[in-house]
Amino acid sequence: MIHCGRSNTSLRAHLPRTNGPGTDIPRSLATLPADVVFEVSRYLDLKADILNFALAASTLLGNGLLFSLLPAVYDDVCLDSLVQCEATLAMLNREPSIARHIQTLTVRFSGSPHAGGLLISDLLRTLAPKLDALHTFIWDAEEIPQCDDMWLALRMSCPRLHTIGTSYGAKLPDSHSTLFQFKNLRGFRLALKPPFYDNHSDSLQELPSESRLWDMLIRRCPNLEELHISGAPFLPVSVVHPLCYARWPRLRSLSLGDIVLDWQPRGGGVKPPFIAFLEAHPRLDMLRTSRAALSPGLLTSLDHGALPNLKRFAGSLEHLQGLAQIYPQITSVAIDEPLVIRDTTPLLAAGVLQGLHCLTELRVAFVFQAAYECGRLVRSIVNACPRLTKLELICARRPSFTVDTLAKIISALPRLRHLRVTMVRARNEQSLRECAAVVARSNPQLRTFCITFISPSHPLPNPLSADISVNGGEPGHPYLESGNYVLRTDEYGLPSSVMGTERRRLHSCSLPPFGIAMPLPTLPLNTYTTKKYRYRFDLYPKSKKGLGVLFEKSVAGEEMRVLVLMLSLGGAALWVFFG
């Protein structure tokens, strides 16, 4: 791998000597080995930059280098809509030379599962034999795959596959599903979608597939390293959840939603089963929990020295209050349980976060039941965490502040590189593009940022993991409009322009063709379409030469107009005096 500080002597050896200013530079670059070009592409953070680099290389140097960059372009593929899933998966089926480079594949789409779920899962079933390098596959739709043979094809055709993820909706996999036949998995993710809670939240019996799921994870996956489950409202057969008896020596990442792990009340002298589970997994470096899974008061029963590698945590402020004094080495915190806004909330949150001296990543969620200006709250959090490099704020239900106010507050974070804010639009808020310009001009230290406006009726976004996401793409939850932005710098490293990708969700009324009888309740009147826009704008447009600066809407233009006015008045006074 190429390092920035390494001498470029070996690189020069591959370049022909130049004899004059007329040397063809692209021809010289064409002599570079393909693996060197590939290593250069690994220094690019964004997929868009890698793709542009690949296209530029193919234009200047031919398609040979384009094929060498395919592993960098297609190593991590995330499909965010039904149309994108259909088009991309069909293309990959036709181009096995591209599909063989995919290592991580995420399929995410919303809407009616019967419209495209069967087609998508069938396309994946036929694509599986072509995914030679696939090691992670995530199905993140509203329902389970309609073609259950997709799991069988992935298990039989992808020998490197070690991490899978699925979602539960109104329909659940039966006990004989091929999903539960995997062995030696290293990672498993389960997300429960709203249709699941609508149809199964009142069940007081164990779901048919529950025992098969835990049998697969506990008995046939002894080397599990990551487990992420968003929650389950159903009751286990026993008073203690099977998870508490599991032992995975290599487990390093655990995320649990509203899972009730222990129904039996215990006295003060008996250690809860989940506390014993945590103490038996010293390699854990990421833990996300809830009040249902772990009461904040039980954290004091952890043995001294337990969880020595814990670096990332997600939970409630009360959980963090008990951990901050024990684990000051935590570098990433996600307060996903929304803060209750009271007069003492800013002081309490700031006091807890100040004890984490190594904190560099933070996500905080707020829910406002009434109009409340939370600038003071955000400012207290920013002052308590001066070393932040990643910050994500989620504010739901009511407008809380404007983007302009937020931009001024976070300017006090000199190390901040990535920002994501999800909020209800204020009444006097500017357009999304103008908001992006305000953030970029006030915070030149940023590299990427995302602004998402949600409706007051939208539920609070609930991420599945404790990881602070900085990637672009669809927000992954209901929204009105969203923008992902990347700051571009000039030759001096100063921000000069912004590359933006905006998405707007619009209502679309899809009516059936005339002549087809359809009951009124079945009309799809609440569907949405997404409009996507890409653009670039300069933060500081170049000044006009000559008298054109008089008409600029800038500080220089205002100063020039004042100067011209003063000179005109002075000239008129002199003419009157001497005339």
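**Group meeting: a walk through the predicted model**

Of the 579 residues of this protein, 45% count as buried. What you have in front of you is a predicted model, so I will start with the confidence scores and then go through the fold, the core and a few single residues.

The average pLDDT of the protein is 80, and 77% of the residues score at least 70. Two stretches should be flagged. Residues 1-25 have a pLDDT below 50, and in the model that stretch has 20 contacts beyond near neighbours in sequence. Residues 508-527 are also below 50, with 15 contacts counted in that way.

Now the fold. There are 19 helices and 17 strands in the protein. If we take contacts between residues at least 6 apart in sequence, 74% of them join residues at least 24 apart.

Next, the inside. The largest nonpolar core has 130 residues. Within this core, Leu105, Phe137, Trp139, Leu227 and Phe449 have the most contacts. Which helix gives the largest share of this core? That is α18, residues 432-442, with seven residues. Another core lies apart from the largest one; this other core has seven residues, including Val37, Ala54, Leu66 and Leu69.

One helix to look at for burial is α16, residues 375-384. Seven of the ten residues in α16 are buried, which leaves the helix mostly covered. The buried ones are Gly375, Leu377, Val378, Ser380, Ile381, Val382 and Ala384.

On to the aromatic residues. The whole structure contains nine aromatic pairs. One of them is phenylalanine 577 with phenylalanine 578, edge-to-face, at 4.8 Å centre to centre and with 90° between the planes. Phenylalanine 577 and phenylalanine 578 are both exposed. Elsewhere, Phe137, which we met in the core, forms one aromatic cluster with Trp151 and Phe182. There is also a charge over a ring: arginine 425 lies over the face of phenylalanine 453, 4.2 Å from the ring centre.

I will finish with three single residues.

The first is serine 332, in strand β10, residues 332-339. Is serine 332 buried or exposed? Its relative accessibility is 1%, and the cut-off for buried is under 20%, so serine 332 counts as buried. Which side chain does the side chain of serine 332 make a polar contact with? The partner is the side chain of glutamate 361, at 3.2 Å.

The second is arginine 219, in helix α12, residues 210-219. Arginine 219 counts as exposed because its relative accessibility is 66%, and exposed means over 50%. The side chain of arginine 219 is joined to that of aspartate 215 by a polar contact of 2.9 Å. Lysine 183 is 36 residues from arginine 219 along the chain, and their C-alpha atoms are separated by 9.0 Å.

The third is leucine 299, found in the loop between β8 (286-288) and β9 (312-315). With a relative accessible area of 4%, leucine 299 is buried. What is leucine 299 in contact with, leaving aside its neighbours within four places in sequence? The residues are Leu294, His319, Leu323 and Ile326. Of these, leucine 323 is 24 residues away along the chain, with 7.4 Å between its C-alpha atom and that of leucine 299.

To recap the three: serine 332 is buried, arginine 219 is exposed, and leucine 299 is buried.

Methods: Residues are numbered from 1 along each chain as its sequence is written. Side-chain values use heavy atoms; hydrogens and water are left out. Rings of Phe, Tyr and Trp (its six-membered ring) pair if their centres lie within 6.5 Å; planes under 30 degrees apart count as stacked, over 60 as edge-to-face and the rest as tilted. Buried means under 20% relative accessible area, exposed over 50%, partly exposed in between (1.4 Å probe, protein chains only). A charge sits over a ring if NZ of Lys or CZ of Arg is within 6 Å of the ring centre and within 35 degrees of the ring normal. pLDDT is the predictor's confidence in each residue, from 0 to 100. Contact means heavy atoms within 4.5 Å. A nonpolar core is a set of buried Ala, Val, Leu, Ile, Met, Phe, Trp, Tyr and Cys residues joined through side-chain atoms within 4.5 Å. Helices (H or I, at least four residues) and strands (E, at least two) are DSSP runs, numbered from the N terminus. A polar contact is a pair of N or O atoms within 3.5 Å; within protein, one must be able to donate a hydrogen and the other to accept it, and residues adjacent in sequence count only if both atoms are side-chain atoms.
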